[in-house]
Every structure is written in structure tokens, then in C-alpha cells.
Amino acid sequence: MRMKVCALDDLDIGGAIKLDVQPPVAVIRGESGDVFAIDDTCTHADASLSEGFVEGDAVECPLHMAFFCLKSGQPSCPPATVPVKTHRVELIDGDIYVEISRG
Amino acid sequence: MAISMSRSVVADIAHVAIVGASAAGAAAARVLRQEGYRGRISLIDRDPDGCYERPPLSKQMLLAESFDLSAAQLLNADECQTLDIATYFGIGVDDLQAATGELILTDGRTLHADVILLATGGKASCLPVPGGDGGLVHVLRSAADARRIREKLEDSGRIAVIGGGLIGAEAVASFLKLGKEVCWLDGAAQPLAHVLPQPIAEYLIAHHVSAGASLRTDVRIGAIRDNSPQGGVCLELGDGERIAVDMVVLGVGMVPDTRLARSAGLALAAGAIAVDKKQRTSHPRIYAAGDVASLYLGAGTYSRNQHWKSAEHQGMAAARAILGLPVPETPIPWFWSDQGDLHVEMAGKKGDETILRNEAKGLVAYEMKDGRIVGAASINNPNAVRLAMRLIRADAHISPTLLRDTGFDMRSLLRQDKGK
Ligand SMILES: Cc1cc2nc3c(=O)[nH]c(=O)nc-3n(C[C@H](O)[C@H](O)[C@H](O)COP(=O)(O)OP(=O)(O)OC[C@H]3O[C@@H](n4cnc5c(N)ncnc54)[C@H](O)[C@@H]3O)c2cc1C
Ligand code: FES
């Protein structure tokens with residue numbers, strides 16, 4: 001399923017938008033300026049990664065500070081051990097689109 | 001090279017016994033397996049509720065419709081099975097023989113371990129006054145404590161919370177949310193000011209008072225008595241005043257549980273088990289982590305950190321050290337607290353001066369020392385603290401004028417620092 005998120009210019013560096021799909025997806029702009037999409041719910045417990053602090057192209061979980069690479073979804077610091085799912089992001093005419101992959 | 005070394009060490013360790021299955025112990029058990037340890041792991045906790053998180057006990061667990069500990073499980077039965085962790089829940093360790101590695105369990109069994117991790121945390125303190133430690137008062141440290149409070153809640157319209165620390169404040173906020181009449185008593189001149197920047201403490205206090213808490217500071221409790229025949233409990237204050245309530249909840253701190261450490265003859269510091277950055281105690285076979293540990297910082301100073309993240313980090317560090325793996329840097333102290341609808345975070349320590357920044361998302365207070373940020377706290381604005389943690393780590397020099405200026409992009413400080 002492909003979803004239009006917003007214009008690239010409307011998403012600041014370090015900013016995030018939570019997409020209300022099931023399960024929710026976080027669209028996050030890393031410090032490189034690139035935009036990424038990952039599953040929003042932390043794999044450790046119930047926290048929304050769209051509320052996390054962005055450093056480089058990684059996001060820190062707001063609850064217990066696990067750190068996820070936005071590109072690969074891999075956690076680089078405990079307590080999370082399971083990667084978050086990543087979704088493909090496309091920029092078309094200055095707008096951000098996310099291809100939500102399930103299954 | 002590093003890998004082959006750690007393997008040889010691991011080969012000598014057939015059995016790691018972890019005493020205490022809370023934040024530190026559970027993290028250690030998990031990390032041992034993650035790092036490839038294949039020997040036996042025993043996770044022992046005298047608490048029959050097993051392996052769960054304490055932070056929800058003063059928040060969600062008091063407020064939720066029903067008491068469901070499964071939502072707060074740290075390691076559930078399935079995970080323990082998958083990770084091949086043998087659990088001994090509801091069974092205490094009665095004695096520890098450092099020389100032989102023997103743990104004597106309360107059910108009469110004896111375990112022999114090559115390495116022992118003490119993650120025994122602490123116990124809630126009582127009040128050293130008549131009635132201050134018995135059935136008339138409630139503490140809040142375990143799931144059983146929270147259950148006991150919940151059982152009395154329905155018949156308790158008026159509750160006294162004694163103690164101005166984080167757990168006391170959280171209990172106050174939770175009881176107010178439940179529509180209770182709350183009398184909040186603190187021995188200090190101001191609650192929370194010992195753990196948070198002054199303006200943040202003031203903000204929280206004002207919030208709880210406006211939500212209905214009746215706050216009494218500089219209070220000396222003389223005794224706590226059964227209020228028969230009217231029922232309930234009566235607090236006798238030092239000046240003779242009496243306060244009648246239906247329930248008394250104590251949040252007056254915790255004492256590290258060093259019983260086993262003492263019987264094993266381990267060195268203590270600041271009332272807790274002295275450990276180095278590899279969580280090693282004074283006995284080569286025994287490690288300690290979490291609320292029970294006192295971390296040596298060098299130059300004769302120790303730090304004790306009774307918060308979730310530090311316990312989890314130390315448990316992880318202990319597991320890595322046991323396996324001969326490098327231990328990550330000690331993180332900047334950090335905790336969160338949820339008080340009603342307010343989410344508070346604090347990182348670092350207090351300084352000489354507090355600078356306030358009134359961000360639209362929520363108030364931030366920076367603790368400054370010699371022109372550098374050494375601590376930060378915020379209300380409903382956690383990412384401001386996360387950013388400040390990076391500035392603290394970078395030992396960044398920042399002008400107070402910039403900090404106060406909400407038009408100034410704080411993130412740019414990180415970029416500058418990286419550019420250096
Ligand atoms: C109500 C409450 C709310 C909290 N809220 C927050 C919060 O919001 N944020 C935050 O950062 N921190 C919070 N904390 C602090 C945090 O929970 C603790 O720092 C953390 O639990 C410490 O973990 P630990 O593993 O070191 O020890 P503990 O959690 O104290 O666990 C030690 C375990 O060892 C077991 N044990 C001890 N001796 C023996 C023995 N001889 N034999 C067998 N078992 C034994 C005990 O039964 C216990 O389960 C809160 C604490 C409480 C009590
Ligand atoms: S919920 Fe994300 S690290 Fe715990």
C-alpha cells in the first residue's frame with residue numbers, strides 16, 4: 001500500500017510523522033536530510049518511535065533508549081534486540097510517499 | 001583475538017547464578033545469552049511474582065482498572081524457556097559462600113555457581129517511629145505492595161502519602177487521579193527539590209497542589225496509630241497535631257539489600273556493594289549490579305544510582321564483563337517519572353545555576369556549572385533532555401542567553417560539536 005505523507009519541506013531534520021495505519025508507521029527525517037519509514041512501535045515494549053530523539057540517521061526510543069538505525073531498522077543498543085520493520089520511501093515532485101509493506 | 005580470549009574464559013564458566021530478577025538481573029540474563037554464553041543460567045528471586053518492572057507500580061498499576069502484571073513482565077516464561085534460563089521464583093537465597101560459590105536456597109536446595117551476580121536491589125525504607133514499619137503503613141516496592149494498596153483503595157477516601165521523593169510524588173498524582181483526598185507530608189522544606197532542578201520541582205508541586213493535594217512540609221511524624229474505634233489510621237505529628245486518614249503510604253526511600261554481600265564478606269561503600277566499571281566486587285567470583293551497587297568513579301568517590309536505566313545498564317555491563325567482553329561507557333545518569341499527566345525526565349546532575357527555557361512543548365531546566373551543561377530536566381518534553389544528554393557528554397560550553405532563547409535551534413549545538 002502506498003501512502004502520501006507530506007511535502008519534504010514540511011518535515012524538518014529530526015522531525016517525524018506517525019501514520020495511523022495498523023500497525024502504525026513512523027516517517028522520520030534523519031540528520032542527513034534523508035527520509036525513512038519504520039514501524040512506529042518499539043520492539044522492546046510499547047513506545048512510539050515517532051516521539052524519539054533523532055541522532056544521525058538513527059532514532060532513540062523515548063521509553064528505554066534503545067537506538068534503531070533508520071535505514072536497516074537494526075537496534076544498536078539495548079534493551080531492544082529485535083529490529084523494527086522498515087518501509088520504502090519515495091520522493092516524487094517534492095512529496096514524501098511511503099510504500100507500506102506487510103507480511 | 002578478543003573473541004578467542006573471551007571464548008576461553010567462557011569455557012571455564014559452567015554456571016552463572018543471578019540473584020534478583022528485576023531490571024539488573026533480567027538484563028544480565030538476557031545479555032549473557034545474546035553474547036553467546038551457552039552454560040547454565042539460574043535466575044533466582046524470592047518474589048513469587050517473578051520478573052517484572054517496578055516503574056508501573058506507582059503509575060499504571062495503581063490506576064488501571066484491573067491489576068495485570070503481565071503487561072509489565074521483563075522476561076516471561078516463554079522467553080526464559082527460549083533463552084534456556086532456569087528460574088527460581090518465590091525462592092530466596094539464604095546464604096552465599098563466596099569461596100565455594102554455594103548458594104543456599106530457602107527451600108533447602110544448594111546451587112553451585114562459578115560466577116554469581118548479586119542484583120538484589122533494595123527494600124523500601126520504613127519510618128523509625130512507633131507504627132512506622134508495621135501493618136498500619138504501606139510501602140511501594142513490589143507487585144504485592146501495589147496489590148495490597150489497591151485492595152484498600154476502595155475504602156480509602158482519604159490517603160496520606162509520606163515522603164517527597166519521586167515515588168511519593170507519583171503516588172500522590174495517581175491517588176489524585178483516582179479522585180482521592182490526598183494529604184502529602186514531607187520532612188523536607190520542599191518535595192522533589194533534592195532530585196530535580198528547583199523550578200521543575202516547584203512546577204510539579206504546584207501542579208499536584210492545584211489538583212487537590214494538601215501539602216505539609218517540614219513535618220516530623222511522631223507516631224502512627226490505629227485510629228480505633230473510628231477506624232483508619234492516625235498520624236501524630238511532632239507538634240501534637242493529629243491527622244486521621246484511611247490509608248498511609250510511605251515513599252521515604254530505599255535501603256540497598258546487602259544481606260548476602262555482607263555474609264559473603266564483600267566490601268561495601270556508601271551502604272551498597274562496591275563495584276568497578278566491570279561490576280566486579282571485592283571477590284573475583286561475585287559481581288553486583290543495579291540499586292544494590294555502588295560504582296567506583298575513581299579518586300575515592302562512588303556513585304549510587306537508583307533508577308531503571310542505570311540498573312539495566314549495569315546488568316548488561318556485568319554480563320559482558322563476566323564473558324570477558326568490553327564494557328560500554330557508563331551512561332549519563334537518567335530517569336523518568338510520570339506524575340499524573342506530566343512526564344518528567346532528568347539527566348545528569350545538579351549544578352550551581354539553573355537556566356530555564358520555556359519551549360512550546362514543555363519547560364526545560366538546564367543545570368549549569370562553569371558555563372557547561374551538567375544536567376537537564378523537562379516536563380512533557382523528553383527530547384529536550386535527550387538532546388541535553390548529548391551536550392553533557394560533549395562537555396559543551398553554552399551561553400545562558402542562547403539557552404533561554406527559544407528562537408535558537410538547540411540542535412545546531414550538536415552539529416557544531418560534531419564539526420569540531
Ligand atoms: C514504585 C517504583 C517506581 C519506580 N519508577 C521509576 C521510574 O519511573 N523511572 C526510573 O528510572 N526508575 C524507577 N524506579 C526505580 C527502578 O525500578 C529501580 O531502579 C530498579 O528496579 C532497580 O533494579 P534492580 O534490579 O537493581 O533491583 P530491584 O528492582 O530492587 O530488584 C531486586 C530483586 O532482588 C530480589 N532479591 C533480593 N534479595 C534476594 C535474595 N536474598 N534472594 C532472592 N531474591 C532476592 C528481590 O526480590 C527483587 O526482586 C521505580 C521504583 C519503584 C519501586
Ligand atoms: S520500549 Fe523502546 S526501548 Fe523499551
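In this predicted model, the contact between the two chains draws 18 residues from chain A and 18 residues from chain B. Together, chain A and chain B bury about 1600 Å². Carbon and sulfur atoms account for 50% of that area. On the chain A side, the residues that lose the most area to chain B are Phe53(A), His64(A) and Met65(A). These three make up 38% of what that side buries.

Polar interactions also cross the interface. Between chain A and chain B there are 4 salt bridges. One of the bridges joins the side chains of Glu31(A) and Arg411(B), with an N to O distance of 2.9 Å. Polar contacts link 11 residue pairs between the chains, with both residues at pLDDT 80 or more. Strand β5 of chain A, residues 53-55, gives the largest share of the chain A side that touches chain B. That share is 3 residues.

Arg411(B) has a further partner in chain A. Its charged end sits over the ring of Phe53(A), 4.6 Å from the ring centre. Arg411(B) thus combines a salt bridge to Glu31(A) with a position over the ring of Phe53(A). Phe53(A) is also among the residues of chain A that lose the most area to chain B. A second charge-over-ring arrangement lies within chain A. There, Arg2(A) is placed over the face of Tyr97(A), at 5.4 Å from the ring centre.

Aromatic pairing was examined next. Over all chains, the count is 3 aromatic pairs. Trp308(B) and Trp336(B) form an edge-to-face pair. Their ring centres are 6.2 Å apart, and the planes meet at 65°. This pair links distant parts of chain B. Trp308(B) belongs to helix α9, residues 308-322, and Trp336(B) to strand β23, residues 334-339. The two residues are 28 residues apart. Trp336(B) also pairs with Trp334(B). That pair is tilted, at 5.6 Å centre to centre and 35° between the planes.

Ring pairs thereby link Trp308(B), Trp334(B) and Trp336(B) into a cluster. Trp308(B) has a relative accessible area of 10%, so Trp308(B) counts as buried. Trp336(B) is likewise buried, because its relative accessibility is 13%, below the 20% cut-off. Trp334(B) is buried as well.

Conventions:
Residues are numbered from 1 along each chain as its sequence is written. Chains are lettered from A and ligands numbered from 1 in the order in which they are written. This is a predicted model: local features need pLDDT of at least 70, side-chain atom pairs count only at pLDDT 80 or more; totals for chains, interfaces and linings use all residues. Side-chain values use heavy atoms; hydrogens and water are left out. Rings of Phe, Tyr and Trp (its six-membered ring) pair if their centres lie within 6.5 Å; planes under 30 degrees apart count as stacked, over 60 as edge-to-face and the rest as tilted. Helices (H or I, at least four residues) and strands (E, at least two) are DSSP runs, numbered from the N terminus. Buried means under 20% relative accessible area, exposed over 50%, partly exposed in between (1.4 Å probe, protein chains only). A charge sits over a ring if NZ of Lys or CZ of Arg is within 6 Å of the ring centre and within 35 degrees of the ring normal. Contact means heavy atoms within 4.5 Å. Buried area is the accessible area (1.4 Å probe) that two parts lose on being put together, summed over both. A polar contact is a pair of N or O atoms within 3.5 Å; within protein, one must be able to donate a hydrogen and the other to accept it, and residues adjacent in sequence count only if both atoms are side-chain atoms.
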